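Biologist: I am new to this structure and would like to get to know it slowly. Please pick a single part, look at it closely with me, and then show me what lies beyond it.

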Amino acid sequence: MNKPSEAPLLAEVASARRALWEREYRETMGAERPTANVSGIPIRPLYDAGDWAGHGQADAPGYPGQPDYTRGIYATMHRGRTWTQRQLIGLGTPDDYNARLLEIMARGATAVSLIPCNSVYRGYDMDSVEPELLGTCGVVVDNADHMDRCLEGVDLARISCALNDPSPFTLLAFMLVAAERRGIDWSAVTGTSNQSDYLSHFVANHMFYRLSLPGARRVLLDHIAFCNERVPRWNPMSVVGQHMQQAGATPAEAMAFTLSSAVQYAEECIGRGMDPDQFLPRFTFFFDISLSFFEEIAKFRAGRRIWAHLARERLGAKDPRAWRFKFHAQTSGVDLTRQQPLNNIARVTAQAIAGIFGGLQSLHTDAYDEAFQVPGEAAARIAVATQNILREEAHLTDVIDPLGGSFYVESLTDAMEEKILAIMKNVDDAGGMYQAVESGLVQRMIGASALRFQQRVDSGEQTVVGVNAYRADDDAAARPSVERPDPARMQRHLADFAAWKAARSPAAVAAALDALTRAAEDARGNVFAAVVDGARAGLSNEEICSRLRRDLGFGQPLAFV
Amino acid sequence: MKEQDGSFRPRVLVTKIGLDGHDRGSRIVAAACRDAGMEVIYTPPWQTIAAVVKLALEEDVDVVGISSLATDHLIVPKLMQALRDAGLGNMRVVVGGIVPDNEEKVLLESGVRQVFHPGGTMDEVTTRIRAYAHEARAAGEHSEPGAQP
């Protein structure tokens, strides 16, 4: 230990050494183009103690499991429980899906995910769309019977099910009916309504259009209220930054818009008399992990910190479980290339490491073939193995928040926090996220960022290996031929559906639809409860969606170039 | 149809058919075509084939650009047939997005002029589209003499 009298002298030496380094660096490098990350934060060549505001403070950067959770939301983090490996699946008919699900569960998957066909997302039954498109991107689930078949052999009282289920949440309704038929109490049912964040769908479009903005707002609140009361282990709210970042938002924009959306939803729940200590612990988040490695780590650390303050100070939650920023993350598909596709394994690995160091709770690693097809079986296995290798061979989970205290990462976390808060301020000034989406402000910002990124790639400022640099002869052999769902099986599924529809009592269908309308017209009614009743009475996905579109308004896409 | 200064101004419809709404690509391509001096007609996603044919006819476009990120390209052969049925066989159709090799072959056989894959620069894409617009005009003038003002 140095004696106190030596301290000023040591500081002088350190300062002289820094000046020496800087001189040598400048002389060697000459003129240098300024570097900035995707979010526009300038990046210096070296960070030291002077760059980190918290350096030297006794409580910086804090401890995991303690507010403001910069280093992680749990005391044990990945040492205790690593993360949920939730690989998305969904294809073909319910029979096809069930076979694939049971197979991956036999191989060790512990959670269900269900991606429905784009026809389901769009609120159409299979007999309303081009048959060529059925089951190519997800499973065709149009009623409670189909859901029951999808989940045959799965214990709904034990297994967590993540449903990609936008408003009005017909898939959850079908699943609750299936649970009821099996005699399972809803209080045991657990999982997440992915895609309940309707604002993100309006921003990024994607495939989810169903209800008008006011209609979607109403149904979401009904859904959260219903789940809080009747399905208490269900997570009804997943706030999604992933759509927006895939659509071109910078990491800072994606985090800011997501937090602003979460505030919007939470404040509306509070406005309806719900208790933040009850509903906020059931809020989860879903993010993209791009290849901007340190920027992503800082994005997650900053987001976690901001949410802890928002939940406590702005939303008034007193229970620490409400302050914890629980998130699922998916490696970015936009960063993958069709050229030299095996390179994507390296990209996904780097993205996954950033997410792990960022402190995620659940991870989906993309398959290397996602730049040219819906993932094949072999590629999906490599994606899962990547997670196992990082966790068990590379020992990434031995230490909690291993980059905590790094001058660069801490400084960048602070800078990202500042940037995110500034964007959130813009959204607040525009009247909150709902109005910022309604007016198109958010869409314009994202469109501009997408264009800026494309220009960086086109100009070569941003290298993409195999695309604008290090090009090699195209190896078509690395891209296997794609298989689509078996047309004969899909034809049978269609025929069975037609027979099921015809066998129903028209009077019972009409009565169930009228009940939906009554719930929609009654401001104190719960539309989601009526959706569950409709599913039980035998309404199909399209019947429920089109009736609610009629009663609550149809969402027209906003398009900006 | 020449501009007053004699320069050629291609007319391009940028759209999405089918069920998917991922529109980052179509928006970027539309903006790039506009910035390259073309006349761009842009639609939101989820257009029907019939709506695209009607718009292409009304707007008298040279090139139709279809963006497909989630298998919607599987119905592009139906669009090609519908365009021919409407007498728009001279229009050039290009597809951009995620299209597997084996299905690209099917699209080209159905008359699609080119499939753009991820990774191309906007400059390459707009250069090709301009060339196809020239082709479409030349074919139109050849088959329908006097039809153009």
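Modeller: With pleasure: in this predicted model, strand E9 (residues 283-289), helix H12 (residues 293-314) and strand E10 (residues 327-331) of chain A make a right-handed β-α-β unit. Right-handed means that, with the strands pointing away from the viewer, the path from the first strand over the helix to the second runs clockwise. Helices (H or I, at least four residues) and strands (E, at least two) are DSSP runs, numbered from the N terminus. Residues are numbered from 1 along each chain as written, and chains are lettered from A and ligands numbered from 1 in the order in which they are written. As the model is predicted, local features need pLDDT (the predictor's confidence in each residue, from 0 to 100) of at least 70 and side-chain atom pairs count only at 80 or more, while totals for chains, interfaces and linings use all residues.

Let us stay with E10(A). Strand E9(A) runs parallel to E10(A), and five bridges join the two; two strands pair if DSSP finds at least two bridges between them. Within this pairing, A:Phe286 stands opposite A:His328 of E10(A). E10(A) also pairs with strand E11 (residues 362-364) of chain A, in the parallel sense and over three bridges. Here A:Gln330 is the residue that stands opposite A:His364 in E11(A). A right-handed β-α-β unit is found at this step too, made of E10(A), helix H13 (residues 343-357) of chain A and E11(A). E10(A) thus belongs to the unit with H12(A) and to the unit with H13(A).

How covered is E10(A)? Five of its five residues are buried, where buried means 20 or more other C-beta atoms within 10 Å of a residue's own, exposed means 12 or fewer, partly exposed lies in between, and C-beta atoms are placed from the backbone. A:Phe327, A:Ala329 and A:Thr331 point one way from the strand, A:His328 and A:Gln330 point the other way, and all are buried.

Parallel pairing appears elsewhere in chain A as well. An open sheet of four strands has the order E4-E5-E6-E7, with parallel pairing. Strand E4 (111-114) and strand E7 (234-235) of chain A stand at its edges, and each has a single partner strand, so one side of each is left without a neighbour in the sheet. For E7(A), strand E6 (residues 191-194) of chain A pairs with it in the parallel sense over two bridges. A:Gly191 has A:Trp234 of E7(A) as its bridge partner.

Now to a helix. In helix H21 (residues 541-552) of chain A, the buried residues are A:Asn541, A:Glu542, A:Glu543, A:Ile544, A:Cys545, A:Arg547, A:Leu548 and A:Leu552. Among the elements that cover them are helix H6 (170-181), helix H8 (213-230), helix H19 (506-521) and helix H20 (527-536) of chain A, along with H4(A). After H21(A) comes A:Gly553, with a positive phi near 95°.

A few backbone details are worth finding on the model. The peptide bond from A:Ala60 to A:Pro61 is cis, with omega near -5°, and A:Pro61 is in the loop between strand E2 (42-43) and helix H2 (77-80) of chain A. A second cis bond runs from A:Ser167 to A:Pro168, with omega near 10°; A:Pro168 lies in the loop between strand E5 (160-164) and H6 of chain A. A:Met77, in helix H2 of chain A, has phi near 40°, a positive value in a residue other than glycine. A:Met77 counts as buried because 20 other C-beta atoms lie within 10 Å. By contrast, A:Thr28 of helix H1 (residues 7-29) of chain A is exposed, because it has 7 other C-beta atoms within 10 Å.

Finally, chain A meets chain B. The contact takes 34 residues from chain A and 32 residues from chain B, with two residues in contact if their C-beta atoms, placed from the backbone, lie within 7 Å. Helix H4 (118-121) and helix H17 (441-459) of chain A each supply at least two residues of the side of chain A that touches chain B. The largest share of that side, five residues, comes from H17(A). For the model, the scores are ipTM 0.86 and pTM 0.89.

Technical notes:
The expected span of a helix is 1.5 Å times one less than its number of residues.
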